[in-house]
Amino acid sequence: MGPLWDDVAVSTLLNETTTTSNGFVEPAASPLLLLGQGRDLASERGVECTGALPAPSDPDLVERARAARAALGGRAFVLGHHYQRDEVIDFADVTGDSFKLAREAAARPEAEFVIFCGVHFMAESADILTSDAQQVVLPDLAAGCSMADMAAIGQVEEAWATLSDVGITGDTVPVTYMNSSAAIKAFTGRHGGTVCTSSNAQVALRWAFDQVGGVDGTGKVLFLPDQHLGRNTAVQQLGLSLDDCVVYDPRKPMGGLTEAQLRDARMILWRGHCSVHGRFSERNVTEIRAKAPGVNVLVHPECKHEVVTAADMVGSTEYIIRALDAAEPGSTWAIGTELNLVRRLAKAHPDKQVHYLDSTVCFCSTMNRIDLPHLVWAMESLADGRTVNRIVVDPDDAHWARVALDQMLALPGL
Ligand code: 13P
Ligand code: SF4
């Protein structure tokens, strides 16, 4: 049986050649901003990118990448998140989900440069977990995360003040998903909370509830910024009910909730979501089941609750990879996560049917901003003695975010 999506999606999925990187080659033909040229410093978060990027069409690009990587040798360590492009993954010393990469960054004190091929919040965490002598570099500063941007520190401070006015902060532990700014991780550190990732959310939430009387008590968790991961973990893994969860909308007075709703809630979920995983629907699951009887539907916990409930298995990117590795030859899978990863899984498992859960193509556009030209530019610059796109977290935020991250790394059973 062949793949089950429409022909356009199939050819895009299986024949990776140029796709979105065209936008960088021909800026005149594309609305995409040519980054790293100092043309729009605001979009590059106020840090000027000096020098020119190599052209993506440069036939020598891979050779240049190899040469720059060899010149840096053990001075550099290259981390690649599972959602990165193949051309970037080829140069990663280690690949992983956000939890594994945070651990890997912390375990490389000998590396002078940590080149983070992922998104901004991951590079911030790497900076926090590495020593001051180490420099963390994000090859494209515009590689952010739309979910992380849905919680600004000012909004979170305001929400906490609201909870304080209602008299429930003493009974509430903040937990932030790794996909949040360093300032928000610092907020959780200052208020006795922790960080979690999609691979340890259950343990982190259990720990948080234990600080305020246990899952069966009356204490609360303020969960930032992904409402879906918070709800899915609380309901599917901790046994709380949907009625125990409320959604706090930072754009509304009191989060759009009444005092009674805030007092009664066990999980106060920030109104944030992932634009990539938010696309999957329950209908996708119904349709794939109709087309591929016996299919195993495996989705990331950033998907909506109805999708996770309809799926057969739920887990982080590392979990998804392990599940495919362990799957029986001949088995059929529909995966609901970012497309670069699903496409690599399809290639790595020719003996299994691997389908993309959505019928339309779904890359994480910010993860995709890191491409080979940016990586080559970053590596060549470092090899020439120039550090570009260094990520440096404010020292006070770094201190408190480290408290929260260390709490996560110390969670039992991880
Ligand atoms: P992981 O925690 O599985 O790496 O996911 C990170 C992420 O950004 C998913 O959208
Ligand atoms: Fe952020 Fe979603 Fe992209 Fe992950 S996939 S980096 S949560 S926008």
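1. Start with the parts list. The protein chain has 17 helices and 13 strands. Keep in mind as you look around that this is a predicted model. Of the 414 residues in the chain, 48% are buried. Now take the contacts with a separation of 6 or more: 68% of them come from residues 24 or more positions apart.

2. Next, ligand 1. Which residues surround it? Look for Asp 97, Ser 98, Asn 179, Thr 197, Ser 198, Cys 274, Glu 302, Ser 316 and Thr 317. By class, that shell has 1 nonpolar, 6 polar and 2 charged residues. Where does ligand 1 lie with respect to domains 2 and 3? Domain 2 (148–274) and domain 3 (277–356) both contribute residues to the shell, so ligand 1 lies between them.

3. Ligand 2 has its own shell, made of Val 119, Cys 145, Ser 146, Met 147, Asn 179, Cys 274, Ser 275, Val 276, Glu 338, Cys 364, Thr 366 and Met 367. The class count here is 7 nonpolar, 4 polar and 1 charged. Asn 179 and Cys 274 are worth finding on screen: they are in the shell of ligand 1, and they are listed around ligand 2 as well.

4. On to helix packing. Two packed helices are described by the angle between their axes and the distance between the axes. Try α6 (residues 120–129) and α17 (residues 395–409): their angle is about 95 degrees, and the axes are 9 Å apart. An angle from 65 to 115 degrees counts as roughly perpendicular, and α6 and α17 are therefore roughly perpendicular to each other. On the α6 side the contact uses Ser 125, Ile 128 and Leu 129, while α17 brings Ala 398, Ala 401, Arg 402 and Leu 405. Sorted by class, the residues of this contact are 5 nonpolar, 1 polar and 1 charged.

5. Here's a second pair to check: α9 (residues 201–210) and α10 (residues 227–237). How do they pack, at what angle and how far apart are their axes? The angle is about 80 degrees and the axes are 10 Å apart. That makes α9 roughly perpendicular to α10. Ala 201, Gln 202 and Leu 205 of α9 meet Leu 229, Thr 233, Ala 234 and Gln 237 of α10. This contact has 4 nonpolar and 3 polar residues, and no charged ones.

6. Stay with α9 for a moment. Which of its residues are buried? They are Ala 201, Ala 204, Leu 205, Trp 207, Ala 208 and Phe 209. What do these buried residues pack against? Their partners are the strands β5 (172–177), β6 (194–196) and β7 (220–224), plus the helices α10 and α17.

7. Just after β7 there's a backbone detail to look at. Leu 224 and Pro 225 are joined by a cis peptide bond, with omega at about -25 degrees. Pro 225 sits in the loop between β7 and α10.

8. Two residues deserve a look for their phi angles. Met 254 isn't a glycine, yet its phi is positive, near 50 degrees. You'll find Met 254 in the loop between β8 (245–248) and α11 (259–264). It counts as partly exposed because it has 16 C-beta neighbours inside 10 Å. Asn 389, also not a glycine, has a positive phi of about 50 degrees, and its place is the loop between α16 (372–383) and α17. Is Asn 389 buried or exposed? With 27 C-beta neighbours inside 10 Å, Asn 389 counts as buried.

9. Asn 389 turns up again in the surroundings of Leu 138. Leu 138 is in the loop between β4 and α7 (153–166), and it counts as buried because it has 30 C-beta neighbours inside 10 Å. Setting aside neighbours within four places in sequence, Leu 138 is in contact with Phe 116, His 120, Ala 123, Ala 143, Asn 389 and Ile 391. Its C-alpha atom is 6.5 Å from that of Cys 117, though the two residues are 21 residues apart along the chain.

10. Finish with Thr 130, in the loop between α6 and β4 (135–137). Why does it count as partly exposed? It has 19 C-beta neighbours inside 10 Å, and a residue needs 20 or more to be buried. Leaving out neighbours within four places in sequence, Thr 130 is in contact with Ala 105, Ala 106, Val 114 and Val 136. Arg 108 is 22 residues away along the chain, and the C-alpha atoms of Thr 130 and Arg 108 are separated by 7.8 Å.

Terms used: Residues are numbered from 1 along each chain as its sequence is written. Chains are lettered from A and ligands numbered from 1 in the order in which they are written. This is a predicted model: local features need pLDDT of at least 70, side-chain atom pairs count only at pLDDT 80 or more; totals for chains, interfaces and linings use all residues. A residue is near a molecule or strand if its C-beta atom, placed from the backbone, lies within 6 Å of it. Ala, Val, Leu, Ile, Met, Phe, Trp, Tyr, Cys and Pro count as nonpolar, Asp, Glu, Lys and Arg as charged, and the others, Gly among them, as polar. Domain bounds come from an automatic or database domain assignment. Axes are lines fitted to C-alpha atoms, for helices over the stretch in contact, and angles run from 0 to 180 degrees between N-to-C directions. Helices (H or I, at least four residues) and strands (E, at least two) are DSSP runs, numbered from the N terminus. Angles under 35 degrees count as roughly parallel, over 145 as roughly antiparallel, 65 to 115 as roughly perpendicular and the rest as oblique. Two residues are in contact if their C-beta atoms, placed from the backbone, lie within 7 Å. A residue is buried if 20 or more other C-beta atoms lie within 10 Å of its own, exposed if 12 or fewer, and partly exposed in between; C-beta atoms are placed from the backbone.
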